[in-house]
Amino acid sequence: MALSIEDIKKVAHLARIEISDTDVNATLIKLTGILGLIEQMQAVDTTGIVPMSHSQELSQRLRDDVVTKTNQRDEFQKNAPLLGNHSTQQAIADGLYLVPKVIE
Amino acid sequence: MSNSHLTNLSLKQFGDLLQSKKISSVELTQMFLHRIQQYNPSINAYIALDEGKTLAQAKAADARIAAGNAAPLTGIPIAQKDIFCAKGWQTTCGSKMLANFIAPYDAHVITLFDAAGAVNLGKTNMDEFAMGSSNETSYFGGVKNPWSFDRVPGGSSGGSAAAVAARLCAAATGTDTGGSIRQPASLCGFTGLKPTYGVVSRFGMIAFASSLDQAGPMAKSAEDCALMMNVMAGFDERDSTSLNREKEDYSSALHQPLRGLRIGLPKEFFAEGLDADVGKVIENAIAEYKKLGAEIIEISLPNTGLSIPVYYVLAPAEASSNLSRYDGVRYGHRAAEYTDLMDMYCKSRAEGFGAEVKRRILIGTYVLSAGYYDAYYLKAQQIRRLIAQDFVEAFKQCDVIMGPAAPSTAFKAGEKVDDPVAMYLQDIYTISTNLAGLPGMSVPAGFSQSVDGKTLPVGLQIIGNYFDEARMLNVAHQYQQVTDWHTQAPNLNMPEGIT
């Protein structure tokens, strides 16, 4: 099935990646090539084959429900990005992360 | 002892020199740091160096040796792929997204090397988020193949590969999701091992495709890889797919004779697409194994051709999910200008990721999107089982499988960068083992002359059954006792004008 410009724009939106109109065409060509490669799968009859998600058929290991981690907020917040819009301030305040207002 | 001789020593020999106090770890580390200063500006194997941290570890190693409780790798300088978080080190995964990221904790692999007293020489260059087969997708620029500076080192562990080949470290770590240890090992002429999935912890190793990612050693010889595995392998409860197995000594089987070894040669690995000269080198290697008493059996892995389509559904699908964490909120790149939250996400990701990473996120998002899941993702997981089943059948007839690790020798920089599908075909012989979760190695097996007169290394791939790493290392080690391909190093004194 052929990809369209609209498909690329929709998928880019789902992936939260801005894509310019000039890049859409080039992306369409490259992704069409990759999907062409992937299409080879459709010739295989896979009726009744159990999907394989992991090479060692293990069940998920669970840990005891006890606190194992210490609070390292200050350490982690050292990596916080700059606020953006030409601010030289880190996007943190009072131990929280700052993002644009989402609720009026 | 001259420095050029010193750099060619094995890990065992480095350990003996250190423990008999003929050389200190600080001296050995400074020798490597000096070589890095000399050659890294042209090769670009390392993207983060921190002499202060590195020499502090070397001093601590010397103290440990003096106290008489050294482990085999104590004091030996090791290069770490920049996919491993190392506390206080810049850890970028080759991406602009993480260009300013200082890891606040250690990956399990780093913890293990630290505990062994090894010295972290620096962080090595790689394809962005390990997505690539030439190291050309790195935000920090490509890496030169030390055998021919106009060629790529392979990828994604291209920096570690060039560092091992150019003797800019004693050994290095890599990771392999579709061939990222074995293909560069083949293109740069050294020994690399991707262990069975689940043997080495993924904790603190930046995720690409979690059901396939596996770390392993990149070193001169099988003997060196065994010593590295003795440090790297082991259960870690912080990785939910880490396998709880007893500690193994990967050096224990090295000296076993190979008489009676059954080697399977999959006919699909010698079909169309394999460079004829590479094929000849592999045939010669097989002939050497016959002399060692091995029996050759023709086998078939009929679904080999499907491994690339399956991989390019599963790996991008997992990547699109793993890389959704990079949103510009808590760490990583945030766009300089944006209007609202959605705009901030979209611009931060558009600016922070390179073209190949974006392509794979888009493919992954597409195959997982409503209406396509069964046709792509589920179908790929079903064929993944067929591919794994091929190996189960094959290992009923043979002990190890051999073939080429890559279809060609190192190709020229820029040659495949605009054609993703051609680039993906580089991993035709390596991807199926990742899908099956099996261990695979690449071992130097000779050289091939390119049309433009370059002498380029060729790697022999050895694929083993689950948990057969010690046997594979034995198979590689015995070959390395009767051949000297693994001891050959590139001449770095390049003529004027080539940088």
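# Exercises on a two-chain model

In the contact, chain A takes part with 45 residues and chain B with 59 residues. Keep in mind that this is a predicted model. Grab the structure and work through the tasks below.

## Exercise 1: the side of chain A that touches chain B

**Task.** Find which elements of chain A give two or more residues to the side that touches chain B, and which gives the most.

**Solution.**
- Step 1. Go along chain A and pick out the elements with two or more residues on that side: α1 (5-14), α2 (21-38), α3 (73-77) and β1 (82-84).
- Step 2. Look for the top contributor: α2(A) gives the most, with seven residues.
- Step 3. Now sort the residues on this side of chain A by type. You get 24 nonpolar, 14 polar and seven charged.

## Exercise 2: the overall build of chain B

**Task.** Work out whether the radius of gyration of chain B agrees or disagrees with that of a compact globule.

**Solution.**
- Step 1. Start with the expected value: a compact globule of 499 residues would have a radius of gyration near 23 Å.
- Step 2. Compare that with chain B, which has 21 Å, so the two agree.
- Step 3. Add the box: along the principal axes, the C-alpha atoms of chain B fill roughly 65 × 55 × 50 Å.
- Step 4. Check burial and contacts. Of the 499 residues in chain B, 61% count as buried. Among contacts in chain B with a separation of 6 or more, 76% come from residues 24 or more positions apart.
- Step 5. Finish with the secondary structure of chain B, which comes to 16 helices and 11 strands.

## Exercise 3: following the strands

**Task.** Trace how β7 (residues 262-266) of chain B pairs with β8 (residues 295-299) of chain B, then move on to β9(B) and its pairings.

**Solution.**
- Step 1. β7(B) and β8(B) run parallel and are joined by five bridges. One pair to look up is B:Arg262 with its bridge partner B:Glu295.
- Step 2. Follow the chain between these two strands: from β7(B) it passes through helix α9 (residues 276-291) to β8(B), making a right-handed β-α-β crossover.
- Step 3. β7(B) also pairs with β9(B), in the parallel sense, over two bridges. Here B:Ile263 has B:Val400 as its bridge partner.
- Step 4. From β9(B), five bridges lead to β11 (residues 455-464) of chain B, and this pair runs antiparallel. B:Gly403 is bridged to B:Gln461.
- Step 5. Check the burial of β9(B), residues 400-404: five of its five residues are buried.

## Exercise 4: a covered helix

**Task.** Explain why α12(B) is described as largely enclosed, and say what covers its buried residues.

**Solution.**
- Step 1. Get the helix in view: α12 (residues 355-368) of chain B has 14 residues and spans 20 Å from first to last C-alpha, close to the 20 Å expected.
- Step 2. Count the buried ones. They are 11 of the 14 residues, so α12(B) is largely enclosed by the rest of the structure. Among them are B:Val357, B:Arg360 and B:Tyr366.
- Step 3. Look around these buried residues: their cover includes α1 and α2 of chain A, along with α10 (307-322), α13 (373-394) and α14 (420-424) of chain B.

## Exercise 5: two positive phi values

**Task.** Decide for A:Asp94 and B:Cys93: buried or exposed?

**Solution.**
- Step 1. A:Asp94 has phi near 50 degrees and sits in the loop between β3 (92-93) and β4 (96-97) of chain A. It has 5 other C-beta atoms within 10 Å, so A:Asp94 is exposed.
- Step 2. B:Cys93 has phi near 55 degrees and lies in the loop between β2 (77-81) and α5 (108-115) of chain B. With 29 C-beta neighbours inside 10 Å, B:Cys93 counts as buried.

Terms used: Residues are numbered from 1 along each chain as its sequence is written. Chains are lettered from A and ligands numbered from 1 in the order in which they are written. This is a predicted model: local features need pLDDT of at least 70, side-chain atom pairs count only at pLDDT 80 or more; totals for chains, interfaces and linings use all residues. Two residues are in contact if their C-beta atoms, placed from the backbone, lie within 7 Å. Helices (H or I, at least four residues) and strands (E, at least two) are DSSP runs, numbered from the N terminus. Ala, Val, Leu, Ile, Met, Phe, Trp, Tyr, Cys and Pro count as nonpolar, Asp, Glu, Lys and Arg as charged, and the others, Gly among them, as polar. Two strands pair if DSSP finds at least two bridges between them. A crossover is right-handed if, with the strands pointing away from the viewer, the path from the first strand over the helix to the second runs clockwise. The radius of gyration is taken over C-alpha atoms; the globule rule is 2.2 Å times the number of residues to the power 0.38. A residue is buried if 20 or more other C-beta atoms lie within 10 Å of its own, exposed if 12 or fewer, and partly exposed in between; C-beta atoms are placed from the backbone. The expected span of a helix is 1.5 Å times one less than its number of residues.
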